[in-house]
Amino acid sequence: TLGDIAQLVKDRINFFSLTIGNAEITARSSFDKALPQFFDFAARIVSDTLNILLSNAIKFNYPGGWIHVDVFLHHKGELLDKEAEKHVSNWFPILYQEGEEQGRSVIIAISHSDPGIPRETVPLLFKKHERLGPAFLEKIKQAHGISLFVAIYLVRMHGGTIGAGSQEGKGSTFYFSVPLS
């Protein structure tokens, strides 16, 4: 269905605005000027995936923290980390990615403040029922761990990719792609 992805992202952030405010977190979004205003994408899948990633960004954040949602055009064959440096103010380099690039796509990146995730733990976050080691933060150990698995399933349904990067003591970026036909 033809849709406006920028408006969908704004609507999702607005949906979470009360929760974001109650958590004493600031949120902002930015959109690449090169994005097509309307294109064919599965709005429900994008909305549900964004809900999962925003909910996690709130849950694993802290008072005084931030969430940045950046949406930009990605060209097949270009390094995503390089393109993100131009469009995302707080991009943490990719440590894990699921799925294979199919062509040009729109990237939705949710970066947020958190204590950071140890490099070796990032891939485990995407595994169903994976238990994290005792050295990891208590708050994350208590997470049920199914939401990112569901997000992978949703992203695969529309042929996209999903991944994450993090830096301990700084924050994390979780992103997914929406292929352009």
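The following exercises, each with a worked solution, concern a predicted model of a protein chain.

**Exercise 1. Overall fold and dimensions**

Determine how many helices and strands the protein chain has, and assess its radius of gyration against that of a compact globule.

*Solution.*
Step 1. The secondary structure consists of six helices and eight strands.
Step 2. Along the sequence these elements follow the order β-α-α-β-β-α-β-α-β-β-α-α-β-β.
Step 3. For 181 residues, a compact globule would have a radius of gyration near 16 Å; the chain has 15 Å, so the value agrees with that expectation.
Step 4. Along the principal axes, the C-alpha atoms fill a box of roughly 45 × 35 × 30 Å.
Step 5. Of the contacts between residues at least 6 apart in sequence, 75% join residues at least 24 apart.

**Exercise 2. Surface and charge**

State what share of the residues is buried, and describe the accessible surface and the placement of the charges.

*Solution.*
Step 1. Buried residues account for 50% of the 181 residues.
Step 2. The accessible surface is about 9100 Å², and carbon and sulfur atoms contribute 53% of this area.
Step 3. The chain carries 18 positive and 19 negative charges, and the mean positions of the two sets lie 2 Å apart.

**Exercise 3. The nonpolar cores**

Identify the elements that give two or more residues to the largest nonpolar core, and name the one that gives the most.

*Solution.*
Step 1. The largest nonpolar core holds 41 residues, and those with the most contacts inside it are Ile-5, Val-106, Ile-108, Ile-110, Phe-126, Phe-176 and Val-178.
Step 2. Two or more residues come from each of helices H1 (5–15), H3 (43–59) and H6 (147–157), and from each of strands S4 (66–74), S6 (105–112), S7 (162–167) and S8 (171–179).
Step 3. Helix H3 gives the most, with eight residues.
Step 4. Apart from this core lies another, of eight residues, including Ala-84, Val-88, Trp-91 and Ile-107.

**Exercise 4. Phe-176 in the core**

Decide whether Phe-176 is buried or exposed, and list its contacts beyond four places in sequence.

*Solution.*
Step 1. Phe-176 is in strand S8.
Step 2. Its relative accessibility is 0%; because buried means under 20%, Phe-176 is buried.
Step 3. Beyond four places in sequence, Phe-176 touches Val-46, Thr-49, Leu-50, Leu-53, Val-106, Ile-107, Ile-108, Val-155, Thr-161 and Ile-162.
Step 4. One of these partners, Leu-50, is 126 residues away along the chain, with a C-alpha separation of 8.8 Å.
Step 5. Val-178 has contacts with Ile-5, Phe-39, Phe-41, Val-46, Ser-105, Val-106, Ile-108 and His-158, neighbours up to four places away being left out.

**Exercise 5. Three polar residues**

Classify His-112, Asn-90 and Glu-24 as buried, partly exposed or exposed.

*Solution.*
Step 1. His-112, in strand S6, has a relative accessible area of 3% and is therefore buried.
Step 2. Among the residues that His-112 touches are Trp-66, Phe-92 and Phe-174.
Step 3. Asn-90 belongs to the loop between helix H4 (80–87) and strand S5 (94–98), and its 23% relative accessibility makes it partly exposed.
Step 4. Beyond four places in sequence, Asn-90 is in contact with Trp-66, His-68, Ser-111 and Thr-173.
Step 5. Glu-24 lies in the loop between helix H2 (17–22) and strand S2 (26–31); at 54% relative accessibility, Glu-24 is exposed.
Step 6. The phi angle of Glu-24 is near 60 degrees, a positive value in a residue other than glycine.

Terms used:
Residues numbered from 1 in each chain as written. Predicted model: local features only at pLDDT ≥ 70, side-chain atom pairs only at ≥ 80, totals over all residues. Heavy atoms only, no water. Helix = DSSP H or I, 4+ residues; strand = E, 2+ residues; numbered from the N terminus. Rg over C-alpha atoms; globule rule 2.2 N^0.38 Å. Buried < 20%, exposed > 50% of the residue type's maximum accessible area, 1.4 Å probe, protein only. Contact = heavy atoms within 4.5 Å. Areas by Shrake-Rupley, 256 points an atom, 1.4 Å probe, with all protein chains shown as cover. Lys, Arg positive; Asp, Glu negative; His and termini not counted. Charge placed at Lys NZ, Arg CZ, Asp CG, Glu CD. Core = buried A, V, L, I, M, F, W, Y, C linked by side-chain atoms within 4.5 Å.
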